[in-house]
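Q: Please take a close look at one part of this protein and walk me through how its pieces fit together. I am new to reading structures, so a connected account would help.

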Amino acid sequence: MPRWSCTQLKVGLERAPIVWGLPPATVTERQCATRGADACVVDVRWTNPPLGRPFWTATLAGAAASALVGGALAIAPELSWAVQALGVATPLAAGVGVGLMLRERARRRQSQQLLDLQSEEIIYSNNELEKKFRDLETKIEQLSLLSDLSAAVNATLDPEKIYEQAVERLVHRMGYEAARLFLVDHERRVVRSHRAAGRASTQLGTAELPLDATSAVARVAATGLPLLVDDVEASPAPVHLATARALDVQAFVAVPLRVKDRIAGVLTVAASEPRRFAAGDVELMSAVANHVALAVDRAESFQMIEELTRGLEDKVRVRTEQLRAANEELQAAYRDLQATQVQLIQREKMASVGQLVAGVAHELNNPIGFVYSNVGMLDDFVKRLRAILDVYRAVPLADAEQARVDEQYKQLKVDYALKYIDSMIEGIREGAERARKIVRDLRVFARTDADVWQAVDLHAEIESSLTLVNHLLKERIIIHRRFGALPMVECVRSQIDQVFLNLLANAAQAVIQEQGELLDLRFTRPSLEDVFIYLTGRNLRS
């Protein structure tokens, strides 16, 4: 058994005598089941009501009558004692009976009064309950409408649609005659009519009211407190009567629309008759304003998030473009660096090759120069020997000696040697000349001043290149030179030599036929900055 049930039982026993108009009873607890006893034991004492004055008055009157009757009967001795006792007891019994009757009637009257009082209390309680039920039904309906309004305004993120849904549902769902929304322009210090629904919704248009205390709407916007006006004609609050009369407004409720600790607007409902609104309407309108403010706050927050998102996306896009451009620049710089590195490596290779070629050319130049310089002297010595040999041949000898000399002359094939010695010397001279030319061209090709811009004769450079690729051309390709009148050209000698060498080598390797091919090599210079080289042939691969 719970403890509260014992307390309820004791309170009920204590207040039971009150029903009959008696003082509360005294309840003494002996033992309690909640404390571990087998059962609850209590002593109840109360005071019974007194018999009352009417009972005792009737009883005393009966007793007095009994005394008078007893005295009268004592004078008449002829009566028996039983008759005397009956005569004496009858008035007393009648008095007691009358007293009990009066007491019972008083109790009945009191009970009837208690019943009447309880009936009145029950009727009053019933009326109060009915009123509470009506208020509860009204609250439930308002909550339902408010929930519907909240769902409608929260279903969109457009503030204009939120305002439209709010004023439309105040009129068409909640039964107000007219609803209007005012927005506050804090910069211009005005309150502007923005949305309206119901009666006279188009009369005010977008009128503006100063943000001061001369109108009720401006006062609500300035103070942030709701306002109820039962009668605009007799209201102590400041009311813009001209506007109220133009709109046929006799009573209205205005509540502030608070968004993020600022008054963003004022929401009003109006009636054409006075005293149509109560405190419940103020509460309902305040709840509607709160829901609208929350929806507007959410919509503004979402719009702000969208703007921030768009701004962030724009920044990310710009940053991405910058990174892409920087990446392209880095890639271009990396490619340039690689190209420069390759060029430097190639240049170093070419410098090393040039140094090697220059060394080889230098080493070859001395013996070739020795051979070339001694060919003329050898030719002169041979002529001298031939002259002295002719002299010796002309000297007369004995027949035996002459025969021996002729035989020795024939065995040594002196005629044959004298016949071919001139061609051999000419071949030596030509070979030495060609070797000198190749060495000279190698020395030109292997010059170390590779990075120096200087005036270069292109004809001489192409001839040097033709000499170096002669092994690819001889006995197979005939070069037809058609050089124009070209002035000296400013360039890097080593690089232009490399260009000519590659061009001629590629052309020689591209010839299809084995022999008899004619290559036409032609130079033109259409401008000071451009030089064109044409190398054409019938059997060149494309």
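**A close look at one sheet**

A: A good place to start is a single pair of residues, for in this predicted model V190 stands opposite P210, which belongs to strand β5. The two strands concerned, β5 and β4, the latter covering residues 190–198, pair in the antiparallel sense over three bridges. Helix α5, made of residues 216–223, packs on the sheet and touches β3, β4, β5, β6, β7 and β8, while its direction makes about 145° with that of β8.

Stepping back to the arrangement of the strands, we find an open sheet of six, in the order β5-β4-β3-β8-β7-β6, with antiparallel pairing. The edges are formed by β5 (208–210) and β6 (227–229), each of which pairs on one side only. Within this sheet, neighbouring strands are turned against each other by 25° on average, when direction is ignored.

A second helix, α4 (residues 159–172), lies across β3 (178–185), β4, β7 (251–258) and β8 (263–271), and it runs at about 55° to β4.

It is also worth asking how confident the prediction is. Strand β7 has the highest confidence in the protein, with a mean of 88, whereas the lowest is found in β12 (residues 517–524), with a mean of 59. Over the protein the pLDDT averages 77, and 82% of the residues score at least 70.

As for the setting of this part, the protein has 12 helices and 13 strands, and 28% of its 542 residues count as buried.

Notes
Residues numbered from 1 in each chain as written. Predicted model: local features only at pLDDT ≥ 70, side-chain atom pairs only at ≥ 80, totals over all residues. Heavy atoms only, no water. Pairing = 2+ DSSP bridges. Helix = DSSP H or I, 4+ residues; strand = E, 2+ residues; numbered from the N terminus. Axes fitted to C-alpha atoms, helices over the stretch in contact; angles between N-to-C directions. Contact = heavy atoms within 4.5 Å. pLDDT = per-residue confidence, 0-100. Buried < 20%, exposed > 50% of the residue type's maximum accessible area, 1.4 Å probe, protein only.
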